[in-house]
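I set out to record what I looked up in this structure, entry by entry. The first item on my list concerns how open one loop residue is to its surroundings.

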Amino acid sequence: MSSVSDPPEVPGKTVGTGAVIGTRREDYVVVQGLRDTRATLAMWHADRWRVLLPWFAGALAVAILLLGAVLVVAHLVTPDPSPISIIGTTHDASLKDAGPILYRNSLVLALHSMACVAGFIAGSSLPMVAESKTGIWRRVHDLAGPAAIAFVAAATTFSLSTQAYALGASVADQSYHLGLSPLALLLSVSAHAIPELVALFLPLSAWLIASRRDNWHHLMAATFVTTAIAVPILLVACWIELYVSPKILLAIL
């Protein structure tokens with residue numbers, strides 16, 4: 001007779017001599033993770049996806065903070081006087097210009113989405129696996145979760161810092177060559193910059209909200225939802241950057 005603390009049995013498959021596979025604790029964690037993800041999606045759907053409101057609000061707040069940091073960096077760095085290329089200003093925009101934009105954004109979105117996945121593993125899956133371990137391996141699993149969460153937080157902070165510096169330096173260079181203040185330039189590109197940044201920070205916002213509420217088991221579902229929402233927004237933002245923002249910029253010059 002199994003004790004109360006034993007994990008529920010998970011049906012496995014028989015192979016060859018009848019050895020059962022899929023009954024290890026790790027296999028049960030995978031099954032439970034899928035169950036949590038399906039249950040979370042069903043819960044959000046039943047609640048008419050109200051969960052999206054705090055996600056978008058959080059992503060917008062992070063985007064505004066990043067733009068503020070970009071403005072500070074743009075005032076601090078020394079502009080590069082070397083000639084630069086500005087889409088829609090020094091040359092006509094084309095679909096060829098979309099490649100680098102979408103490539104950079106896809107890398108940032110992938111990083112933030114992986115932060116959600118890592119949060120799910122560290123906050124939900126690893127503690128379940130740790131229950132089946134003893135001795136030093138139990139200790140290793142107990143420490144792995146917080147360590148992974150700390151690493152994700154550090155990587156995300158590094159990502160935001162590098163983005164703030166890179167964008168700030170770019171704004172400083174463009175402002176110098178166009179004869180605009182950094183603030184005026186940021187306002188002229190806000191039509192694409194704000195939705196682009198909100199889309200990129202949706203997974204990060206979901207991660208922050210789930211971590212505060214200790215809802216780590218929601219993060220796999222959040223990864224799927226935020227990524228599915230972010231991709232079309234990034235495509236639209238790219239189109240705006242190519243064909244709308246340059247017209248706004250030229251109207252200001």
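**Entry 1. Aspartate 214.** I worked throughout from a predicted model. I began with aspartate 214, which counts as exposed at 53% relative accessibility, because the cut-off for exposed is over 50%. I located aspartate 214 in the loop between helix 5 and helix 6. Its backbone also drew my attention: phi is positive, at about 60 degrees, although the residue is not a glycine. I noted for context that most residues other than glycine have a negative phi.

**Entry 2. Tryptophan 49.** I then turned to another residue with positive phi. Tryptophan 49, likewise not a glycine, has phi near 55 degrees. I found tryptophan 49 in the loop that links helix 1 (25–46) to helix 2 (52–76). With a relative accessibility of 27%, tryptophan 49 is classed as partly exposed, since that class lies between 20% and 50%.

**Entry 3. Overall make-up.** I next recorded the chain as a whole. I counted seven helices and two strands in its secondary structure. Read from the N terminus, the order is β-β-α-α-α-α-α-α-α. Of the 253 residues in the chain, 39% are buried. I also looked up how far along the sequence the contacts reach. Taking contacts between residues at least 6 apart in sequence, I found that 79% join residues at least 24 apart.

**Entry 4. Salt bridges.** How many salt bridges does a search of the whole structure find? I obtained one. The partners are arginine 50 and aspartate 47, whose side chains meet at 3.1 Å, N to O. I checked the accessibility of each partner. Arginine 50 is partly exposed, with a relative accessible area of 47%. Aspartate 47 is also partly exposed, at 36%.

**Entry 5. Aspartate 173.** I looked up a charged residue without such a partner. Aspartate 173 sits in helix 4 (residues 135–178). It is buried and yet has no salt bridge. Which side chain of opposite charge is nearest to aspartate 173? I found arginine 104, 13 Å away; no salt bridge is counted there because the criterion requires a nitrogen and a carboxyl oxygen within 4 Å. Setting aside neighbours within four places in sequence, I listed Pro79, Asp80 and Ile84 as the contacts of aspartate 173.

**Entry 6. Cysteines.** I searched for disulfides and found zero in the structure. I then looked up two cysteines individually. Cysteine 116 has a relative accessible area of 0% and is therefore buried. Cysteine 238 is buried too, with a relative accessible area of 4%. Both values fall in the buried class because that class covers anything under 20%.

**Entry 7. Two residues of helix 5.** I examined proline 195 and leucine 208 in turn. Proline 195 is placed in helix 5 and counts as partly exposed at 28% relative accessibility. Not counting residues up to four places away in sequence, proline 195 touches Ser190 and Ile233. I also took the separation of proline 195 from valine 236: 41 residues in sequence, and 8.8 Å in space from C-alpha to C-alpha.

Leucine 208 lies in helix 5 (residues 182–213). I recorded leucine 208 as partly exposed, with a relative accessible area of 37%. Leucine 208 and alanine 59 are 149 residues apart in sequence, whereas their C-alpha atoms are 10.0 Å apart in space.

**Entry 8. Helix 6 against helix 7.** I closed with a helix pair. Two packed helices are described by the angle between their axes and the distance between the axes. For helix 6 (residues 219–243) and helix 7 (residues 245–252), I noted an angle of about 35 degrees and axes 4 Å apart. Which residues make the contact? From helix 6 I listed Ile240, Glu241, Leu242 and Tyr243, and from helix 7, Ser245, Pro246 and Lys247. I sorted the residues of this contact by character and obtained four nonpolar, one polar and two charged.

Note on methods
Residues numbered from 1 in each chain as written. Predicted model: local features only at pLDDT ≥ 70, side-chain atom pairs only at ≥ 80, totals over all residues. Heavy atoms only, no water. Axes fitted to C-alpha atoms, helices over the stretch in contact; angles between N-to-C directions. Contact = heavy atoms within 4.5 Å. Nonpolar A, V, L, I, M, F, W, Y, C, P; charged D, E, K, R; others polar. Buried < 20%, exposed > 50% of the residue type's maximum accessible area, 1.4 Å probe, protein only. Lys, Arg positive; Asp, Glu negative; His and termini not counted. Disulfide = S-S within 2.5 Å.
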